[in-house]
Amino acid sequence: MCWIFAYNGQENPLPLLIEWLRNLEYRGYDSAGVFAVAADGHFFLEKAVGKVSALATKVEKNEAKNDAYITGIAHTRWATHGGVTEANSHPHKSSQDRFFVVHNGIIENYRELKDTLQKKGYVFYSETDTEVVAKLIEDMYDGDILSTFERVLAHLVGAYALAVVDREHPDTLIGAKLGSPMIVGLSPTGTFLSSDINAVSRVATEFVMLDDREIIRIEGGKYAIFSLGQEVEKNREKITDEFQTATIGNYETFTEKEIYEIPDVFKNALKWRVNFETGEIRSDTLDALGDHEIDRIEIVASGSSYFAWIVGSYWFRELAGIPCEVRISSEFLYDTFIPSNRTLYVFMSQSGETADVRESLRMVKKKWCLTFGIVNVVGSTIARMTDMWLYTHAGVEVGVASTKNIIAQLAVLITMALSLGLKRNLQVKDAREIVRHLAELPAKFELELAGARTLNPLIEKYSQYENFFYLGRNLLYGTAHECSLKLKELTYLHAECYSAGELKHGPLALVNPDMPTIVLNLKGIMRDKTASNIKEVKARNGIVLGVVTEGDDMDDLYDDRIEVPTTHPLLTPFLPLIPMWLFAVGIAKKLGKDVDKPQNLAKSVTVE
Ligand code: M6R
């Protein structure tokens, strides 16, 4: 997605902005740009398609980089309106090179606004919705940028985080948001605007969250926030260790590093929530949740978070006896919403900023229903909007393809299911047995990581294929989907996932020796039924890679096997993930793909 960063203060903004762009490289983007203005109004503007390093090289070659600037804005673009070209890259400007704008979000009515402006004689150089904002500011300018901006915003339909500089008032930076995130970072030398709290945490000591429809004016490094034309006081929060920064260490890619962090991530997610000595769940949030009269759970998420929820929904039904429906956020948002005050609406998101999830949450909140967030990024929009929430505490996830956070999400989900179950009919001894097995999982993850090299021959063999089936049933169905998504994202190979029982209803037509089937078939989860489905594949000369429990005796069923440790049947969804993610990473590396930044993807999807 697009990300913005802006600075006004005593430091020269250019190096700060370039450094910021480098830090956010991992989020996925296709072009970048930077603008800085000096006290006398002369300005610096560079844009480049491709990597931030291309922009940095251009900046480096530009002698004007050494001039003294006081305000700057920067942007990474993930193309929505118009192709990946320099002309479409931000910052965008008004016709007189006066107003410069960076934007994250989508202006839905930009076509009408553009038509009106074109009729007035404005000429556009890009295909973007953002250029319309720059030209609209120019058109509506009333002598005061703050009041102009306020009136411009009233014309915009859609989502935005905008930062604007007026070259005639170079010491002033203006920003506003609706939907898209915007964080105000405060340092002893100046004030930042950023889409990303972790980026702010590198440079600021405190931060303020801007709320929808608020406008910020920063002048001489000092800020004032306005709501409905009135200045408002907002809480300043300290940057704490939660807002960590990530370094790659000795790993080749962040994604691998994050997979190797999983044992610690898992422990961290449960540290304050499960007492492994007594087998008890201890969470004030979950205790408070248990006091609500809930007879149904509706769950909203996207991508990997959605697949983690498919697993979680089995746990909620099995352990807590609560009917539980999982919804894809982009579908839920435009479906008929039937509110219920006995339903808990849960929104799960690593980034806490996914637009489809955020807007679904907004829709549910309008009906005064009880909302619960499960979020990784501390202070993110979804965490702030929900009535109750739990953080997954997975730390910064740099790889665009999510890994370690999914394990943390699953850890939170099973804890939540146990907690709700114990308030209902779940027996304490059964819960304790699960907790005992949870305590053993980190050691099992370590074993899987230690066995990574055994995957090499399989990576070698399966990297020759271009199409894959992934199969799983019941508790392993969501996990199979997640494994399939990761192969697609990291290798760009075609993979489709089905419940093993669905194969015979159509997809079986595709089985042939060139399309291997990867099947998750662990002990305790309908192993014999899945075995029958595998036989259907084998009978049609399909090649089968089985992910099986260690010591599994169904030898003749698979062409190849990956063994995972034994655990409690309900915890089996955790165990195929590490080997399957390493398998996907291995194939991606073999095929020369960019593991951390897969093509066309962004780390957090802040547009619908
Ligand atoms: O930040 P979120 O969990 O809301 O993100 C949801 C999806 O966009 C995300 O899981 C996506 O599918 C990842 N690329 C998966 O690796």
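Trainee: Where is the place of W368, and what makes α12 a helix and β21 a strand?
Mentor: W368 belongs to the loop between α12 (355-366) and β21 (370-375). Helices (H or I, at least four residues) and strands (E, at least two) are DSSP runs numbered from the N terminus, so α12 and β21 are such runs. The phi of W368 is positive, about 60°, although W368 is not a glycine. This is a predicted model: local features need pLDDT of at least 70, side-chain atom pairs count only at pLDDT 80 or more, and totals for chains, interfaces and linings use all residues. Residues are numbered from 1 along each chain as its sequence is written, and side-chain values use heavy atoms, leaving out hydrogens and water.

Trainee: Which residues come nearest to the ligand?
Mentor: Among the 15 residues around the ligand, each with a heavy atom within 4 Å of it, S305, S349, S351, T354 and E489 come nearest.

Trainee: What makes the approach of T354 to the ligand a polar contact?
Mentor: A polar contact is a pair of N or O atoms within 3.5 Å. An oxygen atom of the ligand is 2.4 Å from an N or O atom in the side chain of T354, so the pair qualifies. Polar backbone atoms also meet ligand oxygen atoms, at 2.7 Å for Q350 and at 3.0 Å for S304. Taken alone the ligand exposes 410 Å² (Shrake-Rupley method, 1.4 Å probe), and the protein buries 90% of that.

Trainee: Why is the ligand said to lie between domains?
Mentor: Domain 2 (248-450) and domain 3 (453-594), with bounds from an automatic or database assignment, both give residues to the shell around the ligand, so the ligand lies between them.

Terms used. A polar contact is a pair of N or O atoms within 3.5 Å; within protein, one must be able to donate a hydrogen and the other to accept it, and residues adjacent in sequence count only if both atoms are side-chain atoms.
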